[in-house]
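Open the model in your viewer and keep the selection panel handy. We will begin with the whole chain and then move from one selection to the next.

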Amino acid sequence: MAARLPLEGERRSLREIAYASIRRAIIELRLPPGEFITEESLSAELGVSRPVLRESVQRLQVEGLLERAGNGRVRVRGVSAEEVQDLYAVRSALEQLSVEQAVGRVTPGVLAELREALERMRTAAARGTPGKITDAGSDFHAILRRVAGNPVNDQMMHMVGGRIDRYRNLSVSLTARPDHSLAEHDAILTALAEGDVTAAKRAMGDHIMAGRDAVLVAVESLRATGEPVDGP
């Protein structure tokens, strides 16, 4: 069990490391939807004090990755079709804004970074490592946000990004999403290379909505197995 929650990170406060470690475990589904947790169990797994864990738990509740059940116990937030629809509507707007603001700033160096991220996605797909596909895809989008240079967009994406990344991991592990996602990222990259903002935004919007649809299939697959996945 301890292998699910290694304490990850360097040169940061213990509180930051504990928070990031739990957050990543939830996003990577090592702490699955609906699982109840306690400060005692997390403290034992991570080897940190309960006050440190308490702050991490509170932050993750604010982000919507943890929640308090009716009996007061803390659990990993469930997944639901309704939340998918809401999250992906917000994500589509934010990601298209990043594209719009980044297009005029895309240099040959930026294009090289994007191609490198896409190549990592392709390699991970060939090796059958879904988590690395998601990581490389996240890097692709992060490059665009960095080039866009909109700190408000960055803040908004961080607030919803953990929940979105968890759904993305769920999607690539339960559906045939990787091949389609590669083609969608390639279409975004092509439009950016041509400086076509309309085509780039359209390709990004199509990509996000295709991702939403794949996640909805994955959520329904989990529900069909009887897993306790529904959100509140």
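In this predicted model, 75% of the contacts with a separation of 6 or more are between residues 24 or more positions apart. With the whole chain still selected, turn on the surface: the accessible area is about 11,000 Å², and carbon and sulfur atoms account for 53% of it. Of the 232 residues in the chain, 47% are buried.

Now switch to cartoon and colour by secondary structure. You should find nine helices and three strands, and following the sequence gives the pattern α-β-α-α-β-β-α-α-α-α-α-α.

**The sheet**

Select the three strands together. They form an open sheet in the order 1-3-2, with antiparallel pairing. Strand 1 (36-37) and strand 2 (66-68) are at the edges; each has a single partner strand, so one side of each has no neighbour in the sheet. Next, zoom in on strand 1 and strand 3 (residues 74-76), an antiparallel pair joined by two bridges. Show the side chains here and you will see Ile37 opposite Val74 of strand 3.

Add helix 3 (residues 50-62) to the selection. Helix 3 lies across strand 2 and strand 3, and runs at about 95° to strand 2.

**Helix 2**

Move on to residues 39-46, which make up helix 2. Which residues are buried in helix 2? Select Glu39, Leu42, Ser43, Glu45 and Leu46 to see them. These residues lie on the same side of helix 2, because they cover an arc of only 165° around the axis. As a reminder, an α-helix has 3.6 residues a turn, so residues three or four places apart point the same way. Bring helix 1 (14-27), strand 1 and helix 3 into view as well, since the buried residues of helix 2 pack against these elements. Before leaving, step to Gly47, just after helix 2, where phi is positive at about 75°.

**Glu83**

For the last stop, centre on Glu83 in helix 4 (residues 81-102). Is Glu83 buried or exposed? Glu83 counts as buried, because its relative accessibility is 8%, under the 20% cut-off. Display the side chain of Tyr167 too: a polar contact of 2.6 Å links it to the side chain of Glu83. To complete the surroundings, select Arg77, Gly78 and Arg163, which Glu83 touches along with Tyr167, leaving aside residues up to four places away in sequence.

Note on methods. Residues numbered from 1 in each chain as written. Predicted model: local features only at pLDDT ≥ 70, side-chain atom pairs only at ≥ 80, totals over all residues. Heavy atoms only, no water. Helix = DSSP H or I, 4+ residues; strand = E, 2+ residues; numbered from the N terminus. Buried < 20%, exposed > 50% of the residue type's maximum accessible area, 1.4 Å probe, protein only. Polar contact = N/O pair within 3.5 Å; in protein donor to acceptor, adjacent residues only side chain to side chain. Contact = heavy atoms within 4.5 Å. Pairing = 2+ DSSP bridges. Axes fitted to C-alpha atoms, helices over the stretch in contact; angles between N-to-C directions. Arc of directions from axis to C-beta. Areas by Shrake-Rupley, 256 points an atom, 1.4 Å probe, with all protein chains shown as cover.
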